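Here are a few notes to go with the model, written for someone at the bench. Have a look at the structure first, then read on.

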Amino acid sequence: MVSSKARSLQSQLYYALVFQIIIPTVLLNVPLAVFFVLTLLNRGPGEYSAYLSLLITLYPVIDPLPNFFIISPYRKAAFAKSQSMQSQLFYALVFQTLIPALLLHFPVSVMFGFVLASHGLGIYSCIISITISFYPAIDPLPNFFIISPYRKAAFRCFKRNWQSSEVNQVPPNSKNVVAPANVPAI
C-alpha cells in the first residue's frame with residue numbers, strides 16, 4: 001500500500017539509523033569501555049590512550065555523515081545550495097586573506113625591515129599602528145557583506161532595532177502624559 005518513493009525513503013532512513021547506531025558504538029562506547037576496564041584493572045590505557053582518544057574525537061565529525069550520504073533528499077538539498085554558498089565562501093575567504101595581509105603582515109614586515117636595516121620609520125610608524133588597530137574591526141565585514149545568510153540576518157537585526165526604536169519614541173509635544181501609579185498623597 002506504500003508507494004515506491006516512500007518505501008525507498010523508509011529504507012534509506014533505516015540504513016541511516018543503523019549507521020547512526022554503529023558509529024557511536026564503535027567510536028564512543030567501545031573506547032570509553034576500554035578506558036574504564038583498563039582503569040578498573042589498574043593497568044591504565046597507556047600506549048592505547050592516543051588511539052582511543054582519536055576515536056572519541058572523531059565521533060562528532062563522523063556521526064552526521066550517514067544522513068548526508070544515505071538519505072537522498074538531504075544530499076540533494078545540501079548539494080543544490082552548496083554551489084552558491086561555495087562561491088560566496090570562496091570570495092569571503094579571499095577577502096579574509098587579503099585583509100590581514102594588507103593590514104597586519106605587510107605593515108609589520110615593512111617595520112621589521114626598516115628596523116633590521118637600522119633605519120627608523122619615524123612618524124610613519126603611526127600608520128602601522130593604525131592599520132593594526134583597524135584589523136579586528138574590518139576582518140569580519142566580508143562575511144556580512146558577501147555571504148547572503150549573514151547579510152540577511154544582519155539586516156533583519158538592524159531592521160528590528162530600527163522599528164523598535166521608532167515605536168518607543170514619544171514626540172516631545174505630546175499631550176499623552178502618564179500619571180505615576182501608586183504615589184502616596186502628601
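The points below cover a helix pair, one asparagine and the cysteines.

1. First, a reminder: this is a predicted model, and what follows should be read that way.

2. Start with the first two helices. Helix α1 spans residues 4-40 and helix α2 spans residues 49-62; they pack with their axes 9 Å apart, at an angle of about 150°. Because an angle over 145 degrees counts as roughly antiparallel, α1 is roughly antiparallel to α2. The crossing of these two helices is left-handed.

3. Which residues of α1 and α2 meet? On the α1 side you'll find Ile23, Pro24, Leu27, Leu28, Pro31, Leu32, Val34 and Phe35. Facing them from α2 are Ser49, Leu52, Ser53, Leu55, Ile56, Leu58, Tyr59 and Ile62. Sorted by class, this contact of α1 with α2 comes to 14 nonpolar residues and two polar ones, with no charged residues.

4. Next, take a look at asparagine 143, which sits in helix α6 (residues 141-146). Is the residue buried or exposed? Asparagine 143 has a relative accessible area of 18%, and since buried means under 20%, asparagine 143 counts as buried. Leaving aside residues up to four places away in sequence, asparagine 143 touches Ala92, Gln96 and Tyr150.

5. Last, the cysteines. How many disulfides are there? The count is zero, going by the rule that two cysteine sulfur atoms must lie within 2.5 Å. As for accessibility, cysteine 126 is partly exposed at 42% relative accessibility. Cysteine 157 is partly exposed too, with a relative accessible area of 40%.

Technical notes: Residues numbered from 1 in each chain as written. Predicted model: local features only at pLDDT ≥ 70, side-chain atom pairs only at ≥ 80, totals over all residues. Heavy atoms only, no water. Buried < 20%, exposed > 50% of the residue type's maximum accessible area, 1.4 Å probe, protein only. Axes fitted to C-alpha atoms, helices over the stretch in contact; angles between N-to-C directions. Helix = DSSP H or I, 4+ residues; strand = E, 2+ residues; numbered from the N terminus. Parallel < 35°, antiparallel > 145°, perpendicular 65-115°, else oblique. Left-handed = near helix turned anticlockwise from the far one by under 90°. Contact = heavy atoms within 4.5 Å. Nonpolar A, V, L, I, M, F, W, Y, C, P; charged D, E, K, R; others polar.
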